[in-house]
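Dear colleague,

Please find below the structure that I am handing over to you. A short account of what was found in it follows.

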Amino acid sequence: MPYQFYKLLFNVLVFYFRDRKEWADLEPVPQDDGPNPVVKIAYSEKFTDVFDMFRALLQNDEKSERAFALTTEAIDLNAANYTVWHYRRVLLQALDKDLREEMKYITAIIEDQPKNYQVWHHRRMVVEWLNDPSEELQFVAEILSQDAKNYHAWQHRQWVMQEYKLWDGELEYVEELLEEDVRNNSAWNQRHFVINHTSGYSDSSILDREVQYTLKQIKKAPHNESAWNYLNGILQDGGLSSFPGLLEQVTELQDTCSSPYLTAFLVDLYEDALETNSSSYDQQEMFNKALELCKFLAEEKDTIRREYWNYVSRSLQNTYGSGDPVSASSDPPPPPSSSQLPDMEPSDP
Amino acid sequence: SCSLSITVHVFSKLIMEEASPPLRCFSESHSSELFSDDGVQTVTSREQVNSNKMIKWMILPYFFRPTLLREQHYHYLKKGLRHLSDAYECLDASRPWLCYWILHSLELLEEPVPAAVASDVCQFLARCQSPTGGFSGGPCQHAHLAPTYAAVNALCILGTEEAYKVINREKLLDFLYSVKQPDGSFVMHVGGEVDVRSAYCAASVASLTNIITPTLFDGTHNWILSCQNWEGGLGGVPGLEAHGGYTFCGTAALVILGKEHMLDLKTLLRWVTSRQMRFEGGFQGRCNKLVDGCYSFWQAGLLPLLHRALFKEGDSTLSVSSWMFERKALQEYILLCCQNPGGGLLDKPGKSRDFYHTCYCLSGLSIAQHFGNKDLHNELILGRDENRLAPTHPVYNICPEKVAQAIEHFHRLPVPVQTESTPSTMDQS
């Protein structure tokens, strides 16, 4: 049956709050959109009925069981109404409601609508009130098993872990996720999060382990950008060119695992060698190779980022080059003023 | 499918000879940009390959110059500004957003808003203003930073005295203080969640309406900076994955606060330029996720911000003719893949239209078309000249003249004094 028909049928069968005797004492408050409404939504009868009653409760600041029941209806109609959620929390406390029951409720709502801000925030509040994170990691894992990149789920997970210091077993969990999908960037981020908050990366045995792990994943899927980004990310602080043997390891990969990401990584490595003025490398060679690869990327292998690679090239020439000022085009340079700037601030200091 | 692709190729060559610069998606090398899964299939790669297939089919019919369906979008927007179907019940707590998305789309299309309609919008938004300050998602709802941002932007687009007068600046300042946290961040509403969107919403409305006090943004820039992660982009809160929406909010907020130079601009630039999809031409929100039309603004909009930030740092090697992304490719993606033939724009082929995507696809199209500012301006319009949109301000995402006009208006008024002491949000549920 078509959806419109079902809706019509359902609305006819509904027992509106305005007609229920237990609600007879409360006068519904219609929404005041003014005489000439804009962005006026064609609410269903049911929606209007519930929210007219909600407005009445809010106006009277009523704290009762029936008010609590109504918030459930309102949430069902629009789970993004943060005013309703706030009111529900006020009622949970005022009526001293069973928070374990509320956990069951919010679990079901999140399963149904996992991409909504309010439901996750509500869960966080209940967990805080109960001071009980014991179900959280399993719950989030369940949501992630349906969508391994759900941003709210990861946010909740990280909050639980930090707040309650639940770091054990997380690296193993991350590795499981990466086994399932080595391209899951959220999992790579979580890897960084866990290690950062536990051992850190300054220990050379940890850094070694991570570099080797990442290179292994790269060999499995050379066009997986996440792995290359992670390799870059963990070596930033120490410097890409300072990690022993890395240039050789990556250069070796070129035959079997070539990708624009590998080439970009080499540019980063050469740039780092130049920046640190590393004596382990021939500076002129680093400079020439970096420029050569930027050109290769801009013109052939990563043309979508042509503007960026040309900029990197010009920057390198400007910083490390032999001396002639480099400009971005063959046109005469623009007059020296701030006219190139998009007008931004309210007023320049 | 081999003979079909040959036919397409021959056809396109014939017609392209007539047309202006050929489309990137018809070039010989374009198919080399298809996603390589290295023979290792995962959820991510399967989704990406499917996405590419959909897009290939979208591109096929377009032998002629891509056209922005102005008339259709105008009618969709004009109607929506008055009436929305019950499908919009889920946005009943975001109605100022609907006003902003629609008004901004109309201003980009350079379609005027009749004075009566403008006045009705003002009166509606006045009904959304909370007695305790700030704006809410609808009449009688609680104030929230997101509809506050949207309402202020919508009123600035209207730009009339009536519109400016709607805003109670003193109460707005009280509201901002009421959601400010000791660590420099802001919750989205009293008893609500923290993430970097809130800092942007607060900075945007406070700067436009001239209510920034010496203490309002204490610690905020440091909190935002802590959201930049190992990828170079920013997450919603410290520790989270870099994401286009949050990166835009954090960066734009820092620009407003004059602290954008404190970001690692190099890694941020690398991260955002890497988010443009080599095959589709549009942007993804996060690494290894799918393209989405709305990131045409959230991601591409970062390039003007970064260009300016680098320029202020004394960078002399910046391009004088283009933002650092493939402007043509983005315009192609939006015009060929993100338009609903009946009006409105969308995420990607196969998705439904909505006003959010209409706003941000058009905003991204504008960013791609216009480089520079009023003094130094370089336009790159893909397809017919009629595709040209009005320029948009990359910090506020309303037209630059409206930004200037609002700032001029509100700077004639004194910065209010914070009137109420704010309850600790620890007491709030």
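**Contacts between the two chains**

In this predicted model, a salt bridge links the side chains of B:Arg278 and A:Asp302, with 3.2 Å from N to O. In total, the rule finds six salt bridges across the interface of chain A and chain B. Residue pairs in polar contact across that interface number 52, counting pairs with both residues at pLDDT 80 or more.

On the side of chain A that touches chain B, helix α16 (residues 306-320) of chain A gives the most, contributing eight residues. By character, the residues on that side of chain A comprise 36 nonpolar, 32 polar and 22 charged. Contact between the chains involves 90 residues of chain A and 111 residues of chain B. Together the two chains bury about 8,600 Å², and 51% of this area lies on carbon and sulfur atoms.

**Chain A as a whole**

You may wish to have the general features of chain A at hand when viewing the model. Its secondary structure consists of 16 helices and one strand. Chain A has 349 residues, of which 53% are buried. The area that chain A exposes is about 16,800 Å², with carbon and sulfur atoms supplying 49% of it. If one takes the contacts in chain A between residues at least 6 apart in sequence, 61% of them join residues at least 24 apart.

**A residue to inspect: A:Glu170**

I would also draw your attention to one residue in particular. A:Glu170 lies in helix α9 of chain A, which spans residues 170-180. Is A:Glu170 buried or exposed? A:Glu170 counts as buried because its relative accessibility is 2%, and the cut-off for buried is under 20%.

Which residues does A:Glu170 contact, leaving aside its neighbours within four places in sequence? They are A:Trp154, A:Arg157, A:Met161, A:Gln190 and A:Val194. With one of these, A:Arg157, the side chain of A:Glu170 also forms a polar contact of 2.7 Å. For orientation within the chain, A:Ala42 may serve as a reference point: its C-alpha atom is separated by 47 Å from that of A:Glu170. Along the chain, A:Glu170 and A:Ala42 are 128 residues apart.

With kind regards

Terms used:
Residues numbered from 1 in each chain as written. Chains lettered and ligands numbered in written order. Predicted model: local features only at pLDDT ≥ 70, side-chain atom pairs only at ≥ 80, totals over all residues. Heavy atoms only, no water. Helix = DSSP H or I, 4+ residues; strand = E, 2+ residues; numbered from the N terminus. Buried < 20%, exposed > 50% of the residue type's maximum accessible area, 1.4 Å probe, protein only. Contact = heavy atoms within 4.5 Å. Areas by Shrake-Rupley, 256 points an atom, 1.4 Å probe, with all protein chains shown as cover. Buried area = accessible area lost by both parts, 1.4 Å probe. Salt bridge = Lys/Arg side-chain N within 4 Å of Asp/Glu carboxyl O. Polar contact = N/O pair within 3.5 Å; in protein donor to acceptor, adjacent residues only side chain to side chain. Nonpolar A, V, L, I, M, F, W, Y, C, P; charged D, E, K, R; others polar.
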